[in-house]
Amino acid sequence: MTTQTTARPSAAAVAVYEWLNPIPYGFFTAALIFDIIYACTANIQWVNGAGWLIAIGLVFAIIPRLINLVQVWFGSGRRQGSSVKLHFWLNLIAIVFAIINAFVHSRDAYAVVPEGLVLSAIVVVLLSVPELDTTVARVARAMKSAANGTLVSLWPNKRRRVTLPNRPITHEI
């Protein structure tokens with residue numbers, strides 16, 4: 001008798017990833033806010049703070065990316081959906097932009113604007129896109145389970161039921 005088991009990622013790795021993954025987003029968002037404040041006030045301490053926030057965000061961004069790298073590309077369950085790979089690539093590109101942004105913020109404070117502000121905005125947007133995708137998927141699953149597999153679509157003067165598929169909603173074409 002042979003039993004088949006499906007390969008799953010390590011529970012500890014998933015826990016560490018889920019715990020550390022949002023931390024860099026907070027640091028990079030705070031750095032963007034500091035850059036905006038510096039652009040409005042020209043107080044040099046805001047740029048110094050933004051530089052430190054970017055550096056700390058990069059330190060916290062490394063561990064979740066390494067865990068994600070192993071799980072997505074080298075793990076036993078390598079067959080990941082395109083949204084997981086998109087999440088990995090957007091986060092990796094955001095880290096590259098954040099490294100460039102750290103070098104920009106290491107210059108004189110007056111030389112940081114506008115490049116530092118633009119790079120901070122790019123990093124925050126790149127980190128936001130996968131989270132928005134995940135949030136939309138969670139909301140769609142919650143709506144489907146709340147409606148027992150059907151959604152009621154309300155159009156002006158029309159009411160119709162839409163049956164949802166039993167498979168997960170993905171963005172694959």
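Pro-114 sits in the loop that runs between helix 4 and helix 5. In this predicted model, the peptide bond that joins Val-113 to Pro-114 is cis, with an omega of about 5°. The neighbourhood of this loop also offers a first glimpse of how the chain folds back on itself: Val-112 and Ala-39 are 73 residues apart in sequence, yet their C-alpha atoms are 9.3 Å apart in space. Ala-39 belongs to helix 2 and is partly exposed, with a relative accessible area of 42%.

A second backbone detail is found a little further along from Ala-39. Ala-42 is located in the loop between helix 2 and helix 3. Although Ala-42 is not a glycine, its phi is positive, at about 60°. With a relative accessibility of 44%, Ala-42 counts as partly exposed.

With these two loops in mind, the overall plan can be followed. The protein contains five helices and two strands, and reading along the sequence gives the pattern α-α-α-α-α-β-β. Of the 173 residues in the protein, 28% are buried. Among contacts between residues at least 6 apart in sequence, 61% join residues that are at least 24 apart.

Helix 4 is a good place to look at the fold in detail. Its 24 residues should span 34 Å at 1.5 Å a residue, and this agrees with the end C-alpha atoms, which are 34 Å apart. Which residues of helix 4 are buried? They are His-87, Phe-88, Leu-90, Asn-91, Ala-94, Ile-95, Ala-98, Asn-101, Val-104 and His-105. These buried residues pack against four other helices, namely helix 1 (11-20), helix 2, helix 3 and helix 5 (115-146).

One of the buried residues of helix 4, His-87, shows what such packing looks like for a single side chain. Why does His-87 count as buried? Its relative accessible area is 12%, and the buried class covers values under 20%. Leaving aside residues up to four places away in sequence, His-87 touches Tyr-17, Asn-21, Arg-65, Asn-68, Pro-130 and Glu-131.

Two of these partners of His-87, Asn-21 and Arg-65, also appear in the lining of the largest cavity. The count of cavities of 30 Å³ or more comes to one, and the largest cavity has a volume of about 60 Å³. Its lining is formed by Asn-21, Pro-24, Tyr-25, Phe-28, Ala-61, Arg-65, Asn-91, Ala-94, Ile-95 and Leu-127. Helix 2 (22-41), helix 3 (44-74) and helix 4 (82-105) each contribute at least two residues to this lining. What kinds of residue make up the lining? Seven are nonpolar, two are polar and one is charged. Asn-91, Ala-94 and Ile-95 of the lining are also among the buried residues of helix 4.

Aromatic rings provide further links between the helices. A pair of aromatic rings is described by the distance of the centres and the angle of the planes. The count of aromatic pairs in this protein comes to five. In one of them, the ring centres of Phe-34 and Trp-46 are 4.9 Å apart and the planes stand at 85°, so this pair is edge-to-face. Phe-34 is in helix 2 and Trp-46 is in helix 3, so the pair ties together parts that are 12 residues apart in sequence. Phe-34 is partly exposed, with a relative accessible area of 24%, and Trp-46 is partly exposed too, at 28%.

Another pair brings helix 4 back into the picture. The rings of Trp-73 and Trp-89 have centres 6.0 Å apart and planes at 65°, so the pair is edge-to-face. Which helices does this pair connect? Trp-73 lies in helix 3 and Trp-89 in helix 4, so parts that are 16 residues apart in sequence are tied together. Trp-73 counts as partly exposed at 27% relative accessibility, and Trp-89 counts as partly exposed at 43%. Ring pairs also draw in Phe-88, linking Trp-73, Phe-88 and Trp-89 into a cluster. Within this cluster, Phe-88 is one of the buried residues of helix 4, whereas Trp-89 is partly exposed.

How values were computed. Residues are numbered from 1 along each chain as its sequence is written. This is a predicted model: local features need pLDDT of at least 70, side-chain atom pairs count only at pLDDT 80 or more; totals for chains, interfaces and linings use all residues. Side-chain values use heavy atoms; hydrogens and water are left out. On a 1 Å grid over the protein atoms alone, a cavity is a set of points where a 1.4 Å probe fits but cannot get out, and a pocket is an open set with protein on both sides within 12 Å along at least five of seven lines; lining residues have an atom within 4 Å of a point. Grid points are joined across faces, edges and corners, and a volume is the space filled by probe spheres set on the points. Ala, Val, Leu, Ile, Met, Phe, Trp, Tyr, Cys and Pro count as nonpolar, Asp, Glu, Lys and Arg as charged, and the others, Gly among them, as polar. The expected span of a helix is 1.5 Å times one less than its number of residues. Buried means under 20% relative accessible area, exposed over 50%, partly exposed in between (1.4 Å probe, protein chains only). Contact means heavy atoms within 4.5 Å. Rings of Phe, Tyr and Trp (its six-membered ring) pair if their centres lie within 6.5 Å; planes under 30 degrees apart count as stacked, over 60 as edge-to-face and the rest as tilted.
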